[in-house]
Amino acid sequence: MANADAAADGNGGGGGDDATRVDHLMDGLRAFGANYTEFTRRFATWLGLHSTDAAALVEILYAEDQGTPLSPARLSERVSLSSGATAILLKRLEQAGHIVRTRESTDRRVVTLRSSPDIRPRAEAFFGPYAERMAEAMSAYSPQEIQRFEDFIGRLRSTMDTLLAGEYRDGGPPA
């Protein structure tokens, strides 16, 4: 916040000093996160789902795309719901025909969450323009720059994961 104040009174307002650049970058990351949340909210509205259900569906689709489908427990972690609330959410998604539960592991107790064949084309229709525009935006950068961005985002994500698992584990910083 102090850096924003310095920019307001003329000390580095042109983005020239490092602290101001960091503030601008953090503003950009926050705005991108807010826009992504709004995008997911609109996906929910488009499908006629609650935003939490759509966020869970997006997590299931993404995990499938990455080749690492989710279990109910892992989904619960990803969407920050209790196991009971996740079970209710999964029942709604299953009844709506958006997901299926499978038993793909040799351990038949392990449940794997998969998108239904009907939802995949709808998700691709909704997220297709997003993917195309993001690829277009990133094509302006060299592979070396993209690697640096990946490293940077990876460090930010690791830092956030550590904070959430540590100091913020119980909802906020220690009093």
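**Aromatic cluster, helix α3 and the largest pocket**

Arg122 is placed over the face of Trp46, at 5.6 Å from the ring centre. This arrangement, like the others described here, is taken from a predicted model. Trp46 is itself a member of one aromatic cluster, which is formed together with Tyr36, Phe39, Phe43, Phe126, Phe127 and Tyr130.

When the whole structure is searched, ten aromatic pairs are found. In the pair made by Phe39 and Phe127, the ring centres are 5.7 Å apart and the planes stand at 50°, so the pair is classed as tilted, an angle over 60 degrees being needed for edge-to-face and one under 30 degrees for stacked. Because Phe39 belongs to helix α2 (residues 18-47) and Phe127 to helix α6 (residues 119-138), this pair ties together parts that are 88 residues apart in sequence. The two partners fall into separate accessibility classes: Phe39, at 25% relative accessibility, counts as partly exposed, whereas Phe127 has a relative accessible area of 15% and is buried. The assignment follows from the cut-off, because a residue is called buried when its relative accessible area is under 20%.

Two further residues of α2 were examined for their surroundings. Thr40, which is placed in helix α2, is buried, its relative accessible area being 10%. When residues up to four places away in sequence are not counted, Thr40 touches Ala54, Ala55 and Val58; of these contacts, Ala54 and Val58 are among the buried residues of α3. Leu47, also placed in helix α2, has a relative accessible area of 11% and is likewise buried. With residues up to four places away in sequence again not counted, Leu47 touches Leu57, Ile119 and Arg122. Among these partners, Arg122 is the residue that lies over the face of Trp46, and Leu57 is one of the buried residues of α3. By contrast, Leu47 and Asp107, which are 60 residues apart in sequence, are 34 Å apart in space from C-alpha to C-alpha.

Helix α3 (residues 51-65) consists of 15 residues, and the distance from its first C-alpha to its last is 21 Å, close to the 21 Å expected at 1.5 Å a residue. Its buried residues are Asp53, Ala54, Ala56, Leu57, Val58, Glu59, Ile60, Leu61, Ala63 and Glu64. Packing against these buried residues involves α2, α4 (72-79), α5 (83-95), β1 (99-102), β2 (112-115) and α6. After α3 comes Gly67, for which phi is positive, near 80°.

Two of the buried positions in α3 can be described in further detail. Asp53, which lies in helix α3, is buried, with a relative accessible area of 4%; leaving aside neighbours within four places in sequence, Asp53 is in contact with Leu89, Arg92 and Leu93. Leu61, also located in helix α3, counts as buried at 6% relative accessibility. The contacts of Leu61, not counting residues up to four places away in sequence, are with Ser115, Arg120 and Ala123. Leu61 and Ile119 are 58 residues apart in sequence, and their C-alpha atoms are 9.3 Å apart in space.

The loop between α4 and α5 contains Ser80. Although Ser80 is not a glycine, its phi is positive, at about 55°. Ser80 is exposed, with a relative accessible area of 65%.

The largest pocket of the model has a volume of about 2900 Å³. Its lining comprises 49 residues, and those nearest the centre of the pocket are Phe32, Gly33, Tyr36, Ile153 and Arg157. Among them, Tyr36 is also a member of the aromatic cluster described above. At least two residues of the lining are supplied by each of α2, α3, α4, α6 and α7 (143-165), and the largest share, 13 residues, comes from α7.

Terms used: Residues are numbered from 1 along each chain as its sequence is written. This is a predicted model: local features need pLDDT of at least 70, side-chain atom pairs count only at pLDDT 80 or more; totals for chains, interfaces and linings use all residues. Side-chain values use heavy atoms; hydrogens and water are left out. Rings of Phe, Tyr and Trp (its six-membered ring) pair if their centres lie within 6.5 Å; planes under 30 degrees apart count as stacked, over 60 as edge-to-face and the rest as tilted. Helices (H or I, at least four residues) and strands (E, at least two) are DSSP runs, numbered from the N terminus. Buried means under 20% relative accessible area, exposed over 50%, partly exposed in between (1.4 Å probe, protein chains only). A charge sits over a ring if NZ of Lys or CZ of Arg is within 6 Å of the ring centre and within 35 degrees of the ring normal. The expected span of a helix is 1.5 Å times one less than its number of residues. Contact means heavy atoms within 4.5 Å. On a 1 Å grid over the protein atoms alone, a cavity is a set of points where a 1.4 Å probe fits but cannot get out, and a pocket is an open set with protein on both sides within 12 Å along at least five of seven lines; lining residues have an atom within 4 Å of a point. Grid points are joined across faces, edges and corners, and a volume is the space filled by probe spheres set on the points.
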